[in-house]
Every structure is written in structure tokens, then in C-alpha cells.
Amino acid sequence: MASNHALRTSWSARIPPPGSDPPPAGGGGGKLSVTFGRRTHSGRYISYSRDDLDSELGSGDYSKEFLSYHVHVPPTPDNQPMDSTGAGKLDPSISARVEEQYVSNSLFTGGFNSVTRAQLMDKVIDSEASHPQMAGAKGSSCAVPGCDDKVMRDERGNDILPCECDYKICRDCFVEAVQIDGTCPGCKEPYKAMDVSEVVANAKKDDDLRRSQLSLPPPPGMSKMERRLSLMKSLNYARSLTRSQTGDFDHNRWLFETKGTYGYGNAIWPKENDGDGDEDGQPVELASKPWRPLTRKLKVAAAILSPYRLLIFIRMAILGLFLAWRIKHKNEDAIWLWGMSVVCEIWFAFSWLLDQLPKLCPINRATDLAVLKEKFEAPSPSNPTGKSDLPGIDVFVSTADPEKEPPLVTANTILSILAADYPVEKLSCYVSDDGGALLTFEAMAEAASFANIWVPFCRKHNIEPRNPDSYFNLKRDPYKNKVRSDFVKDRRRVKREYDEFKVRVNSLPDSIRRRSDAYHAREEIKAMKRQREAARDEAVEPVKIPKATWMADGTHWPGTWINQAPEHSRGDHAGIIQVMLKPPSDEPLLGGNDEANPLELTEFDIRLPLLVYVSREKRPGYDHNKKAGAMNALVRASAIMSNGPFILNLDCDHYVYNSQAMREGMCFMMDRGGDRISYVQFPQRFEGIDPSDRYANHNTVFFDVNMRALDGLQGPVYVGTGCLFRRIALYGFEPPRAKNHVSCFSSCFSGKRRLTTAAEETRALRMADEDEDDMMNLSTFPKKFGNSSFLVDSIPVAEFQGRPLADHPAVKNGRPPGALTIPRDLLDASTVAEAISVISCWYEDKTEWGNRVGWIYGSVTEDVVTGYRMHNRGWRSVYCVTKRDAFRGTAPINLTDRLHQVLRWATGSVEIFFSRNNALLASTKMKLLQRIAYLNVGIYPFTSLFLIVYCFLPALSLFSGQFIVQTLNVTFLAYLLGITLTLCSLAVLEIKWSGIELEEWWRNEQFWLIGGTSAHLAAVLQGLLKVIAGIEISFTLTSKSAGDDEDDDFADLYIVKWTSLMIPPITIMMVNAIAIAVGISRTIYSTVPQWSKLLGGVFFSFWVLAHLYPFAKGLMGRRGKTPTIIFVWSGLIAITISLLWVAINPPSGNSQIGGSFTFP
């Protein structure tokens, strides 16, 4: 078929680690073999093939654990070699485009000890796919009898027909017809164009709207790796090794060298002696050009920050004096009460210090998108056409369970990504389905189909937000600021299409089930028929065959079946990759007056970004490491398929709310010094939260106070979603110029400085904990990254493409302007097959993945650990708060779900504390206050032990008639007043510089106590069990689905789902409520009332109950539905217990119930 012209199939194949069973042998002599093919509609498998990419590791002699070998497929009747001369010869670029067409229409499956197959998909959904980039897009079938392949198509999806009679013929049949007699099978007339390249060229001339241009062919003899690195290597490389004053390689001199060229077709800079530059060989215009930064640091006003810092130190002094006074003045009457309270107060002071000290240096940041556009997308001498010079971004979306994470929510997230305002050819989206569900697969296919109309609509009318569900549910006027006359008409049409899209997605579970039942019944009938024919007159038993899940094209789904079976269950299925939307063309593709498209798009680009569905292989006996393992699989697969130097990861329920969010993040990465930034963290914003935010779901104190404060240190922590990563930082490399941070733990560049020990394109890549002699030693990479030469080859490319633009002498470690304007490589079969290999379950064995490379394993909060490792290597991070929220998502508003979410976070913190990721063990590359912040992350759950005790102290005080101090004297009250006033003043100032509201601060305080007395306590116990007894912790996925009441957006808020986490807060509330009644009764009935002790105990009991009020409100369910008798019985029980306590333990000096109290 498309790639049969090269029968020498050559692609890297992996051998399992020693000790595991080898792959099945094929051929004689037990020789390992790999079958790689695609399945046609008729059921036959056709081998794909392609010349292998030349690899710099291809000739290396590595350990026996990692071997590369080639598989040569012999000619067969279905797989005949093409003549290298004559009419069958193909232009390489045309051949690659044709092969990409077949690759994008194939479902790739494979894994450990299994064959990698590419199954050609006639359709991926029941509805018709219309966009030319989409898998299974509409296309005519070949008219040659016995052939069922598709005819060639151009970028718009139109048929390419080589004869004027418009006889429909596929590429293979056309080549065969030319080789036989050169006549058309339809009209029997000779073909005017005798090769595929000429046919495609003629089709391009007939298309008036086509504006794309073929890229120049690569120089002969260059490998694919060399073509990628040609941007970094000069033809006169040795002569360009000039040095700056610091001794580092001078990128600017290298950039403006006299004879070097970058890429193909770019401008050549003038020679040094032409008089156009300064004495250093740099153009005068550039040397004198003022630097225009992409970002600005906005400091907090001194009028707010100075008093804030002063109050912190004042409160520290007051706390110190108070604790010293408390230790010195014991309560001899209740020494046990005094001791518990003092221990708790010392811990609270320590915990407050850990939380407050990292807040000393809060800052704000701003970006300049106009400068970004001018630098990277405006015409310049190095980029005459003004094509985008921005680096690529790979967006990761993770989902695991379509029941708890509705496919419609995930589909809307995908649509918001595809419609983002970023160069289409530089954007790729990867969807990780860790459940391997056909429901998710077909929902993503439906989303890709709907993107054909949604994405151009967003571009045409500048729609915000670009999540269709959120956009059509906006409460504001949708027609405001819309100037195009056809907006109303277009919006109604798109709204109608979206309503139909929702119906299709929501009906997918039923349609898949009905389809599978129909195919299963057909298979049973066929099996019974065959059995009867074989048995003839003998009695036959009923036929039982596994009930499979069937795809839309009538084949078995290779992932998880609805009725799970061996090799088709959640933890046991093959790896799957489907290119839903193939890579877009390099040039804009304007829409036409197509009747199938209801919108007028003749002036707008209709291209869509690359969209890939990935479900990694899972097998019993392997630890798949949950979300972290899925993310690492995406890192490897994306490195092979698109290799964007930056990675944006989003949860399936977090969509792009600001279409320019990626550009905002790129401002930090591409600014001066941006090469030392490992990730840009965006704040999490949530929708669907109840107006009062009962359980502090918005978490604004953390995202707007703590994270802004950390941004003034080494950077914010990674919070799991809405984060733009630098790919090489995920690979475990140290930041450039890491030698500037010398310490006893420094792993690189100690001693004297040497000129160069590695090629310039790999100079900035240094693994942590490596010696200088071993840095960027490619022969050691298979042991770190696995034995995929494709993956290893992509590392230096990603590092180079992620560098800032060297457009000014002040920029260090930059890349030349215009270097990223060339087209990226087309997808081919061996590339996708390699991606299948790297998502297999055994690939990470005996590598650094999950240990030092990628997302880190070993904690349920893998996000915090991953960010910690980067900061520990010396990387910085940045907090990007945009004027319009960058991303929005959902959060659990149900009390039980919220507590379980907090439990998962707290348990991860406990795991961090008891692991080598404890901040006490951090390297000296981490700043002191940053270390304190990470230490607080691991310690804060332990505060629950002291908080539980302190919440019971008021009740114990009321029950016993004692207090934590001997008497409520002026000194104690003065200290208490000072601590309270400084706390309130700090809160007010935090509100001032962070922009949060007082109510949000108070909700956070309330839920701190609710979580501390429930989820945090359970997390400490679970963490201790794991450390001491080795009991593993399992968590259920947080549900993203809404409540059953569709008329109420906050139905989940009122659902009471019992959990054992509720026991401690309920106990605290009941004990304190009863203690107040007991204390009042005791004081009234006492001969000598102790009013001071009563007031102290009641005050602190009310303090506890006020914090637990949202919890109590959640237990009551929906407002107005709680029976009145509940409150009556609660009051009666409290009064009865208080009277019983007084009877059992009457006031001193009186043995009667009621004491000296008499009614008037």
C-alpha cells in the first residue's frame, strides 16, 4: 500500500529485560521477528514499511539488555517492491504524505510479547467524519474490482484522480496500471501523468485556494536526525567556536557568523568585513537595539509589604513571650490540662512559622503578548514570511474512568484545546485513557468531528471561552462586542450542531452496547452454524463465545470490554494509539464554499491541531503507577510523534478558559533567563461551586496567597494540572549554567572550566548526580530512558527548540531566529509503531523513569514530588496569574467527596515526609525559604494530632471545672489579645496584596479545622501504617459527575454520604455542645460559681463550634428538608446528659442535684 515502496522494514524493536519471557520467535533458528501490518476492510493484513531513521545511537554497542535489530520483510503477493526507476518512482515528500494519510486512518495496537499491528479504520464513529485531517474521514473507494482501498486525497480531503475521466483509483492500483501498460482501467486511455508526484502536482494546480508550498528537499545522504539538528550545526562549525568574556560559548557570535547558515532557505548573515557590524561581528542594529522583555515583575507595594513583614516578626516575638510565660506559670490544680495545652500551643506556633516564613517575599508578574508576537511571528530578516517561530507544545489530558469522568466533560476539554490561540502546526493534543474504554475512544472521535465546525467558528468570531458547553451556558449577553454581521446566524447553527453532538456523546454507552449485542448475536449464529455443519446429525451443545465490545467498523475493540475478559480488562489490555486528527499542513488552509459546512470560512484557517488517543498497555503483575505512569507514557509517545519542547498537562475536567493562556506561559519560557525555568504553574479556578463556597473549594488562600509568595522565592509548587513544563526538565536534566550554584552536593562542573566536552547542541543537557565526564554521554542514555533510539534522538532536539530566542546579546543559551519555521516531519508507520513500543508495560524496567525521569513514583501526590525534584536540581518555576483565568475546572462540592480529596492530598504529604523527598534532605541548590515551604508540605497533616486534642480541651475544661491557666489574669488576656490582633492584621494585609476576600479567608480557616480533625488525622494513620506495616493505600477517583437533580446545579452539596471521616468532627461537636450545657449547669448550681473558668471554656468551645459550622450544615442536607424533631431531640439529649453529669459529679460541697439553686 502506501509504504510498500520500501520493503526493508527497519525500526527499533525491544527485547524484554533478562529474566522475562522473550517475544515469540518467528522464522528459523529462533530468530526474533516482528510483524507490523494493517488490516484492510476485507480482513487481510498488509505490511507497512519505511526506511528507518538514522540514529546517532544506531551504531553504538550497548549492554546486552538493550539491543536494536532490523526485520526484513520478504516480498509477498500483497507486498511487492516498487521499481526504483521509471514510472513507479515516488517523490519522497509525496510518498511521506501518502503514507501519513494511511497512518492517520489506522488503529495501532501492540505491547509486550505481542505483534504491533496497524488496523485500517474505515470509520471510527457511526456518524460521518468530514474533516480531511480526521481518522476515517470521508473518501471514495477504489473502483478497481477486488480492491477496497481509498483513493488519494489532498489536504482538503478531495479525491486526487489521475485521469480526466475521473476514474477513482487508489495509489497502489495506479502504480500497477502504469507499470503494466500505462492506461487508465476506466477509459482505457493512456495516463498523461505517469507518476504519483506529477498527479499530485497537477491536482495542486487545479486548486485555487491551495497556498501551501513544498519544502526544499534535504541534502542527499543526510539522516533524519541530522536534518533535525541542521538548525544547530553550522557548515563551518569549528570556525564559529568563539568565546564570550565569561568563557561560555558565545551564541550571538555563532548566530551572526559570516559563513554559517541555519536550516534551508533562511537568510545568510553578512560577512564580518562587509562593514555592517561592530568589531565583534554583530550587526550594529542588533547590538544597539533596546531589550524588550516579555515579562515584568510587579512588586507588592511597600506600604503593604513592609507592615506585613513587621507584623510577622512582632507576632513571632509575642508568641515566644507567651509560650515562655505559659511554661513558667503552671496550673497546679489541673497540671494535665496545662501540659496538653502547652504542647499543642508550641506545635501550633511552629506550624505557623513554617507556613508564614515563605510568605515574606510575595510578587506579581505580567506578560506582554504584543512583544511575543513581534519577536516570534512578525516578518524579519531571519523570517521573511513571518511564519511562527514559537516552539511546539504537547498538551496532555488524562482520564481513567468514563463513569466517574463523563466523556462529554473530557470532549469539551479537548475542544477548548484544539481551539486555543496558538499556531496550529505547533500544537498537539494527547488524550491518555488509562481505562482503555471504547466509550472514551468514540467520544474523542466525536469531539474531533465536531471540531471541524467549532474551531473555525471560534477563530472567526474570537469566541471566549472556547469550551462549547461553558460558552453556550454563559449568563451574559453572547452578542456583546461581536461586529460581524453573520455572527447570530453562525452561532445558532453551531449551537444546533453542539446540541446534536451532546446527544450523540451521551447516547454512546447505549449505542456501543446495542452494537456489541448485535455483533455478538451474529457471531453466535455463525458459530452454531459451523458447529452444526461439523457435527452433522450429532447432538450439539450450546455455543458460548466471549461477549466482546465491537467498534464502529465491525472489529473487536483491543482495549477494555464492557464484559471484561482476559486481555480485555482494566488491568490487562494492549497498548492503543489512534491519530484522531493527523498533523496539519505547514501553510494555512482556508475554508471553501462547501455545502457540507454551514459556515462561511473562505477567509479563515480550517486546520486543526494534531490529536492522538493513547491507552498504554496494562498487564497483570506490573505496577502501572496510576496517573504518574500514564503521564510518563505520554511523555515518551509524544517525544516520538511530535516532540514539543514544552508540555502542558490538564485534568480531563480542566479546560482552556483563556485561549491565549499558552502564549502567556510561553512569555516566561522565551524571556531572558527563561531557559532556567522548569515549569509555569497557572492557578486553578473552579466552576460549579456553591455561592457561599461552604467547603473552601476555591482554595483561594492557597492559590492567591501561598503560591504568589512562593513565586518570590524559587517558584510555586506543582499542583497536578494547569502546568506548562519544559520537556528536558522532566527528563531529569539540570538547568543551564548550573555550575553557577556551587555546593558540596553540586554534581556538575566542579574544578577548572574546560572549553567544550560535548557538542554545542548537547552542551546544556546534564543529568543530575552525574560526573562532568559523563554528561550527555549518549551511550548511557538507554539505561536512563530505555532503549528507544527514537526517544534518545529527540532529547537534544527538544532542548534546542526550547531555548529562548537569541535576538539580543543579553540572551544566553539561545537559538537563532527563524530556526523553528521549517515544517515538522510527517508521521509514518515506523514512528507510530515506535510510540506503541514505548507505552508497553515493560518499557520502564531497569530505567530511570519514575525515579529521576518524568513524573516521580511512590506517592499519591506525584505532582508535589515531581516539582520538588526539579527545584532540588536548581530549576526555577513561575506562577502565571492571567487577567482572564487561564483554565477552569470542577471541584467536588459534596462534603464526603471533598473530605476524600483532602485525604488523598494529606496522605501524599505524609508519604513525602517519610521518604527521601523530605525537604530536610534537600540539596543546597534549594533556597532556605523554599525548603521551609516544602517542609511544611510534609508536616502539615501532623498538626491534626494536636488539633484534635486542642478541640477537646474546652470540653474537658468545662467538664472538670478547670481551665488551661490558673486564673484569667490580665497578662494571659493581654497575650491572647495581642496574638489575635496580629493574626487579624496579617489576614487583612494578606487580603490587600493578594486580592482575596475576607469571607474566602474565613472559609479557609473553617475548613482547615474541619479537614484537620477528619481527613488529616486519617492520613497520618494511613501513612504510619504504610511506613510501619507496609500496608498500601488505595484511593477512588474523585467523581466529576453532577447530582441526580438536573434542575439544581448544587444538588451534590446536599447529598449526605456517610464516611468514617465524619466521626471525629461529629464527636467534637457533640462533646463541646454538651460541655457548654454541663458548664453552665455546674456554674449555676455551684455554691461559689467560677464564672471566669466558665467564660474561658465556653469561649473556646464556641470557637471550635464556629469553625465546624459548615460541617454541621453539610450533615443537615438540603435546607428546609431537615425535620424539626431532629433539633428538638438534640436539645433534649444535651440537657439530659448535662443533668446526668451534674448528678454523677455534683459541685464540690454539695451532694444534692441542684445544689443551692432554687427557683424564685
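**Exercise 1. In this predicted model, decide whether R727 is buried or exposed, and then find its salt-bridge partner and describe where the two residues lie.**

Step 1. The relative accessible area of R727 is 0%, and since buried means under 20%, R727 counts as buried.

Step 2. R727 forms a salt bridge with D394, and the closest N and O atoms of the pair are 2.7 Å apart.

Step 3. R727 belongs to helix 18 (residues 727-730), whereas D394 belongs to strand 7 (residues 393-399), so that the bridge links distant parts of the chain, 333 residues apart.

Step 4. The partner is treated in the manner of Step 1: D394 has a relative accessibility of 1%, and therefore D394 is buried as well.

**Exercise 2. Work out which elements are tied together by the salt bridge between D651 and K627, and classify K627 by its accessible area.**

Step 1. The side chains of D651 and K627 meet in a salt bridge, with a distance of 2.9 Å from N to O.

Step 2. Because D651 lies in strand 11 (residues 646-651) and K627 lies in helix 15 (residues 626-641), the pair ties together parts that are 24 residues apart in sequence.

Step 3. K627 has a relative accessible area of 24%, and as the partly exposed class runs between 20% and 50%, K627 is partly exposed.

**Exercise 3. State how many salt bridges a search of the whole structure finds, and describe the bridge between R326 and E345.**

Step 1. The search of the whole structure finds 41 salt bridges.

Step 2. In one of them, the side chains of R326 and E345 meet at 3.1 Å, N to O.

Step 3. R326 sits in helix 7 (residues 302-328) and E345 in helix 8 (residues 335-356), 19 residues apart, and both residues are buried.

Step 4. Salt bridges can also join into a network, as they do among R685, E687, D704, R708, D885 and R888.

**Exercise 4. Describe the largest nonpolar core, and say which helix gives the most to it.**

Step 1. In soluble globular proteins, nonpolar side chains tend to be buried together.

Step 2. The largest nonpolar core here has 143 residues, and those with the most contacts inside it are I577, M641, F725, Y731 and F785.

Step 3. Helix 7 gives the most to this core, with 10 residues, and the core draws at least three residues from each of domain 2 and domain 3.

Step 4. Leaving aside neighbours within four places in sequence, I577 is in contact with several residues, among them F108, V614, M641 and I839.

Step 5. A second, separate core has 84 residues, including A419, L427, F457 and C880.

Technical notes:
Residues numbered from 1 in each chain as written. Predicted model: local features only at pLDDT ≥ 70, side-chain atom pairs only at ≥ 80, totals over all residues. Heavy atoms only, no water. Salt bridge = Lys/Arg side-chain N within 4 Å of Asp/Glu carboxyl O. Helix = DSSP H or I, 4+ residues; strand = E, 2+ residues; numbered from the N terminus. Buried < 20%, exposed > 50% of the residue type's maximum accessible area, 1.4 Å probe, protein only. Core = buried A, V, L, I, M, F, W, Y, C linked by side-chain atoms within 4.5 Å. Domains from an automatic or database assignment. Contact = heavy atoms within 4.5 Å.
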